[in-house]
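Trainee: Before we discuss the details, could you put the model in front of us and explain the terms as they come up?

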Amino acid sequence: MARRSSGKGSAGRILLQHRALAAAARRVDRISSLPDDLLHLVLRRLDTRSALGTGVLSRRWAHLPRELDALDLRLADMLPPRYHRWVHLYNDACSKGTLRHAVRLQIVHSIRRYERRAMRAFASSTVTSFLEGPRRNVKKLRLEFVVTGNTGCVNAFVAEAMDAWGVEDLEVVAKSTFTRRDGIHLFPSHGLCEQPRVSCLRSLKLGGCTLPSLHEYSRLSVLILKGIPKSTPAAAYEGIFTLCLQLQTLHLISCGCCTSRGVSLTVVVDSPSSQIRELVVDKCEFFRKLVLKALPCLESVASIQSRVSFESTSSFPCLIQRNLTMGFAVGLLGVDWRLELELDDMFFDCTPGIRSLVIRFTGPERWIAPSTSPSEFLPNLRRLLVADVPSSWDVTWPRLLLEMAPNLEILHIHIDVVHGVPADEDIPWSSARDRELRPLPRLKEFVVAGFEGTARQIYLVKLVVRACTAALRLVAMFRNGHVRYRGHWDWEMVTPREHYSWSDEQKSSVLEQIKCGVPASSATAPVVQVVLG
Amino acid sequence: MEVDKGKGEAEETRKVAEADRDTVTLKSSDGKLFEVSKEAAARLSTVLAGMIAGGSIDDNGTDLKQIGSEALENVVDYCNKHANSIPSAALISSSISFNTAPFKEPEEWERKFVDRLSHDALFDLVEAANFLGMERLLDVTCHKISEMMKGKSPDQIREVFNIKNDYTKEELEEIRQELAWAFYDD
């Protein structure tokens, strides 16, 4: 017996009639007659919860969720709207400082209760849907949850997915409960699964977990570790390099390595048989440093707010791309703005094959001091980006790099106008500045974003342009503009659609000064484009 | 003799001109003819590419008996629009599969292209794209269908697509149990 809502008046009936007519107009169920492979193309575009849910539509759909080849299971899907309202309330009140301590504790308590309850649901429905459910052929599995007492099922699930399903691509992300930072998910001591040697695992990403033993996964080629606890010994990290010899990509993000007293440790990478091609060390502030001794296949390396050094006697013949992002912003800000990074500390002599180089300044290490023995360290460098240079700092220092890179083709410089130090004090660079640059016979493109037309900026542009020859095609200076990164080693300069409105006087003065250094056009060398925007 | 020779030459030139033609003609199930850029057809459809390479394209209109004129018009329209659109930037050459979008999102014009279609025309186009092996167009149309399902309850989805629920009460209970992950609600 259907209950009728008493509030439904004539408007509701008209709507129903309308819907019935519309439905009659297309009575055919077109979607259910599509072949399975097309329905899977549709389901793959839905979140896992919605895709699983289509199983109840009709018998036609019942088997489709069992065939999903990717599952993305997040605790967030289990958290009710009330949870999010509490979190919002808490954050809002904290930012305004209007909450009494006792009330704040009470809210945190409720929020954590929601998390625990959702985690129980996560555990029980994981068991009924997947551990006790039909055997699946899932290739990609992602689990994201909060560390509570209920996470034992995660380990059982991971083992099942790897041993029985043959998962190739696994991501396990453990988070701390609300406002805490210390939640770490523990894997069993014997490892992730029962039969690592026959595992299909190719890609593994772990977040907020202990580091399991990985050397038996003979197909593992991509490993991304995030938030591995500080208590992890240096040998565990070193073992990844020396024991997981099939790895090609390794990212260490916010990982730590300290003694029990909190003294950070050095990790030494010495693996002459390693196949690692890509190494990213990102915000690993709790590594004292990572010393690279031997990684013969290394092609790309990025050190982002982390200390990575190359052993001076070693060589990295395959290394062609490098990203060097400096900045240990926390706590150091304002302590020593003139912190110098010796050119020698950039280890260019170990990496002469570099073709593409990104240098970013996001912290106090904004300075590069000349090396004691300048030489042609970067003979193969083709693309150079120097980014986030504070506007008050002497922008002419990249000449140091230009001196070392006679074959440069593309030079991009980005001056950070927004986040730069207030320009109450212009900070000069001590190196000799009246000397001309060595010729840059292959330089094609020179772009400066964040160009304000200061004397020093014009000086730099003139200096570079004078060193150019017939290869030069474009010199562009944009007041507004920024860098868009495509991964760690590739980028493009984004220039605004609408140009800055320079006054006629400024414009002609800047252009005149620069154009006089531009190589003359001839039959073989087309006209050089000079843009001020 | 001379006349014949001239004729032969003219024939030859005509053939060359046809081989060089930059469009192909397609014929729908109801006999309507459509011209489409040869380059775009070969690039976007594996089936048409095979036919062009194999020389089985008919100048008077290649028969596509499975495709109605409305759907074929949309296919042709899509190919021609694609031929004129600027290819988007190359994908990021990162070796990491996690956290990158597994599908290339439809471009703005592709979205608009499928948004204007009626319910039936959309499904006709999916079927045509499937028949012609047009991977990109399948991506775009399936994306649209998934958008029509997003954020909807099973009842709402049944209504949108006119799906008849043929489960018995017991069967439904059983499948909901199996799919517990999707049906947890606080």
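Mentor: Let us begin with burial: a residue is called buried under 20% relative accessible area, exposed over 50%, and partly exposed in between, using a 1.4 Å probe and protein chains only. This is a predicted model, in which local features need pLDDT of at least 70 and side-chain atom pairs count only at pLDDT 80 or more, whereas totals for chains, interfaces and linings use all residues. Residues are numbered from 1 along each chain as its sequence is written, chains are lettered from A and ligands numbered from 1 in the order in which they are written, and side-chain values use heavy atoms, with hydrogens and water left out.

Trainee: Is A:S300 buried or exposed?

Mentor: A:S300 is found in strand β10 (residues 300-304) of chain A, strands being DSSP runs of E with at least two residues and helices runs of H or I with at least four, numbered from the N terminus. Leaving aside neighbours within four places in sequence, its contacts (heavy atoms within 4.5 Å) include A:R277, A:L319 and A:W489. Because its relative accessibility is 5%, A:S300 counts as buried.

Trainee: Why is A:C297 not bonded to A:C318?

Mentor: A disulfide is a pair of cysteine sulfur atoms within 2.5 Å, and a search of the whole structure finds 0 of them over all chains. A:C297 itself is partly exposed, at 28% relative accessibility. The closest cysteine sulfur to that of A:C297 is in A:C318, and the two are too far apart for a bond because the distance is 5.9 Å.

Trainee: Which strands stand at the edges of the sheet β7-β9-β11 in chain A?

Mentor: Three strands form this open, parallel sheet in the order β7-β9-β11, where two strands pair if DSSP finds at least two bridges between them. β7(A) and β9 (residues 287-294) of chain A are joined over 6 bridges, and A:V268 stands opposite A:V291 in β9(A). Each edge strand has a single partner, so one side of it is left without a neighbour in the sheet, and these strands are β7 (265-270) and β11 (308-310) of chain A.

Trainee: In chain B, where is confidence lowest?

Mentor: The predictor's confidence in each residue is its pLDDT, from 0 to 100, and chain B averages 80, with 78% of the residues scoring at least 70. In chain B, confidence is highest in helix α8 (residues 154-161), at 95, and lowest, at a mean of 48, in helix α1 (residues 2-20) of chain B.
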